[in-house]
Amino acid sequence: MKHLFLLSALLIFSCQANQQTPQNAPLTEEERTIAKGLIQDSFDDLWAGLDSTKILDYHTADFIILEHGEVWDNDRIKQFMRDYGKNPNRPTRINEMDYISIDKYGESIQLAYHNYATFKEGDSIVYRGQWLESALAVKQDNGEWRLKMMHSTRVPVE
């Protein structure tokens, strides 16, 4: 009987230990602003502006994006910028984000959002794109936040 009690207590303790997950940490308004800025500014500078010199202003060195079934790293993003930037008549990209959630876990922030992009030539809209995306921002040793990972899925636009 004593062994059964001990075994039951160990089993309960083990189950409770395995169920512990990181709790949401309080997200300050400053951190919320920083996280949103990482997303918006990275899309404006990198994807619209094609400025590869700013990649590490927004991404960690080991950043990856899961881009509609492909894995892209910073080098692949630079290649995209070089290739896409060769077109002198490329449309202007205007980005807008609609945030679903922003949650902090320890020294990381998880974001989920809709990404809307309008591509224009002059005053004419040539294309509208929409993506459902998530991102993970991590705090660096120097206290700055960078994007470590993103996931992007195209959404059909009607």
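## The pocket lining

Let's start with the lining of the largest pocket: by class, eight of its residues are nonpolar, two are polar and four are charged. The pocket itself has a volume of about 300 Å³. Of the 14 residues that line it, those closest to the centre are Trp47, Glu67, Phe80, Arg93 and Trp131. Please keep in mind that this is a predicted model.

Which elements give two or more residues to this lining? They are helix 2, strand 1, helix 4, strand 4, strand 5 and strand 6. These helices and strands are worth a closer look, and the sheet is a good place to go next.

## The sheet

The sheet is open and is built from six strands, which follow one another in the order 2-1-6-5-4-3 with mixed pairing. Which strands sit at the edges? Strand 2 (70-73) and strand 3 (92-105) do, and each of them pairs on one side only. Going from one strand to the next, the twist averages 20 degrees.

## Two hairpins

Strand 3 pairs with strand 4 (residues 108-121) in the antiparallel sense, over 13 bridges. If you would like to trace the register, Ile102 has Leu111 in strand 4 as its bridge partner, and Tyr105 has Ser108, also in strand 4. In this hairpin two residues lie between the strands, and Gly106 takes a positive phi near 60 degrees.

Strand 4 also pairs with strand 5, again in the antiparallel sense, and here there are 14 bridges. Ala117 can serve as a marker for this pairing: its bridge partner in strand 5 is Gly129. The hairpin of strand 4 and strand 5 has two residues between the strands as well, and in it Gly122 takes a positive phi near 65 degrees.

## Helices across the sheet

How does helix 2 (residues 29-48) run relative to strand 3? The angle between them is about 150 degrees. Helix 2 lies across strand 1 (59-67), strand 2, strand 3, strand 4, strand 5 (124-139) and strand 6 (145-154).

Helix 4 (residues 74-85) lies across strand 1, strand 2 and strand 4. Its direction is at about 90 degrees to strand 2, which is one of the edge strands. Both helix 2 and helix 4 bring us back to the starting point, since each gives two or more residues to the lining of the largest pocket.

Definitions and conventions: Residues are numbered from 1 along each chain as its sequence is written. This is a predicted model: local features need pLDDT of at least 70, side-chain atom pairs count only at pLDDT 80 or more; totals for chains, interfaces and linings use all residues. Side-chain values use heavy atoms; hydrogens and water are left out. Two strands pair if DSSP finds at least two bridges between them. Helices (H or I, at least four residues) and strands (E, at least two) are DSSP runs, numbered from the N terminus. Axes are lines fitted to C-alpha atoms, for helices over the stretch in contact, and angles run from 0 to 180 degrees between N-to-C directions. Contact means heavy atoms within 4.5 Å. On a 1 Å grid over the protein atoms alone, a cavity is a set of points where a 1.4 Å probe fits but cannot get out, and a pocket is an open set with protein on both sides within 12 Å along at least five of seven lines; lining residues have an atom within 4 Å of a point. Grid points are joined across faces, edges and corners, and a volume is the space filled by probe spheres set on the points. Ala, Val, Leu, Ile, Met, Phe, Trp, Tyr, Cys and Pro count as nonpolar, Asp, Glu, Lys and Arg as charged, and the others, Gly among them, as polar.
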